[in-house]
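Got your viewer open? Let's take a short walk together, one selection at a time.

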Amino acid sequence: MRSLLQVLLVTAAALGLLAGIVFGLGDRTIFVSPPEAVAEQFMRKVETERFGQALDHLESSLQQQVSEEGLRRGMEALERRHGPFSDVRGEFLSIEGDEASASAVLTTSAGGEVPLRFRLKRSQGSWEISDVTSLTGAEGELTRR
Amino acid sequence: MTLAAIAARVIFSYLFLLLIVRVSGKRTVRQVTPIDFTASIIAGDLIDDLLWAEVPASQAVVAVGTLLSLAILITMGTQVSPTLERWVSGRPEVMIRGGEWVKGSLRRERLEKSELLGLVREQGIDDLREIETATLETTGQLGICPRPWAREAQKCDLVRVRQRGEAEA
């Protein structure tokens, strides 16, 4: 029982330390996922058709506007245009205050690269994507619920 | 991702993992039980996600804390429930009895004969006839009870020999 309490204590202490670093010192890239990692994770989930999980990376207001079907259609449009994709990597573009931009670079099976630019906003210490038109725009227009 | 950020995450992950493993109650990690083995595999993957910033550090901390808490709870459960202990850790398996292989033991433990002979040799025994019982413990180590005639000489054995010699003289 003592070791269980100690594990919980260490966990709580580590969380407290992280909260201090993120909210107190304003860390934006070290102990929170940096913008390029969020963009990469988002596109990786879209590419592997985990659309529900991909939506978790979006700002809450955007989650109300974008549907899983919209993400699917955007991805299908990209694949029609460029062929199937084999990999994705995130690239840092900029951070200005609580706003950032990053791109997810999709690698096609033929070796080409398709960069998709995303804007992100910082919410409760973590980065969330606030604009997905680079993906959903590929299909024509944003699919709304 | 800057090099400084990677270094900071490595330092944080290492210190956090070291501290939480240390307070989780094990004095040594030499003997790994299935509970420890399972927890360490999952913890390794969680820390990997943290190092490459695939998840925020807070999520990784909560995940590792929950994982080790669960491991401790299951360990506590095995201390009060022999059934749970058998189910989680398995039971020791006698591999050699009276210098002979126990039928089916190698198959049950999915071991090759050469692997087990290697474990026997590691303990300084190269003749199976010296073994009373060899038991594969749940930690994966081999516990060997030698036959009385094969045991190392003790001080009392020398005393006995001397007494016998004196009596004969």
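Is Ile11(B) buried or exposed? Select Ile11(B) and turn on its surface to have a look. Keep in mind that you are looking at a predicted model. Ile11(B) counts as exposed, because its relative accessibility is 51% and the cut-off for exposed is over 50%. Color the helix around your selection: Ile11(B) sits in helix H1 of chain B, which covers residues 3-23. Now add Tyr14(B), Leu15(B) and Leu18(B) to the selection. Together with Ile11(B), these residues make a nonpolar patch on the surface, and their combined accessible area is about 440 Å².

Stay in chain B for one more stop and pick Asp157(B) and Arg160(B). Their side chains form a salt bridge, with 3.5 Å from N to O. Show the backbone too, and you'll find both residues in helix H7 (residues 155-168) of chain B. They are three residues apart there, about one turn of the helix. Asp157(B) is partly exposed at a relative accessible area of 24%, and Arg160(B) is partly exposed as well, at 45%.

Time to switch to chain A. Show it as a cartoon and trace it from the N terminus. What order do the elements of chain A come in? You'll pass α-α-α-α-α-β-β-β-β-α, which adds up to six helices and four strands. Zoom out for the whole chain: the C-alpha atoms of chain A fill a box of roughly 60 × 35 × 35 Å along the principal axes.

Next, try coloring chain A by accessibility. Of its 145 residues, 49% are buried. The chain exposes about 7,300 Å², with carbon and sulfur atoms supplying 48% of that area. If you turn on contacts, consider the ones with a separation of 6 or more: 51% of these in chain A come from residues 24 or more positions apart.

Now color chain A by charge. You should find 16 positive and 21 negative side chains, and the centres of the two sets lie 3 Å apart.

With charges on display, go to helix H5 of chain A (residues 68-82) and select Glu69(A) and Arg72(A), which both lie in it. These two form a salt bridge, and their closest N and O atoms are 3.6 Å apart. Like the pair in chain B, they are three residues apart, about one turn of the helix. How exposed are they? Arg72(A) is partly exposed, with a relative accessible area of 30%, and Glu69(A) is partly exposed at 38%.

For the last stop, select Asp98(A) and Arg122(A). Their side chains meet in a salt bridge, at 3.6 Å from N to O. Asp98(A) lies in the loop between strand S1 (85-96) and strand S2 (99-108) of chain A, while Arg122(A) is in strand S3 (residues 113-123), so the pair ties together parts that are 24 residues apart in sequence. Check the surface here as well: Asp98(A) is partly exposed at 40% relative accessibility, whereas Arg122(A) counts as buried at 18%, because buried means under 20%.

Keep those two selected and add Arg28(A). Arg28(A), Asp98(A) and Arg122(A) are linked in a network of salt bridges. Want to carry on by yourself? The structure holds twelve salt bridges over all chains.

Key: Residues are numbered from 1 along each chain as its sequence is written. Chains are lettered from A and ligands numbered from 1 in the order in which they are written. This is a predicted model: local features need pLDDT of at least 70, side-chain atom pairs count only at pLDDT 80 or more; totals for chains, interfaces and linings use all residues. Side-chain values use heavy atoms; hydrogens and water are left out. Helices (H or I, at least four residues) and strands (E, at least two) are DSSP runs, numbered from the N terminus. Buried means under 20% relative accessible area, exposed over 50%, partly exposed in between (1.4 Å probe, protein chains only). Contact means heavy atoms within 4.5 Å. Accessible areas come from the Shrake-Rupley method with a 1.4 Å probe; for residues, only the protein chains shown count as cover. Lys and Arg count as positive and Asp and Glu as negative; His and the chain ends are not counted. The place of a charge is taken as NZ of Lys, CZ of Arg, CG of Asp or CD of Glu. Patches are made of residues with over 30% relative accessible area and no salt bridge: like charges are joined within 9 Å, nonpolar side chains (Val, Leu, Ile, Met, Phe, Trp, Tyr) within 5 Å. A salt bridge is a side-chain nitrogen of Lys or Arg within 4 Å of a carboxyl oxygen of Asp or Glu.
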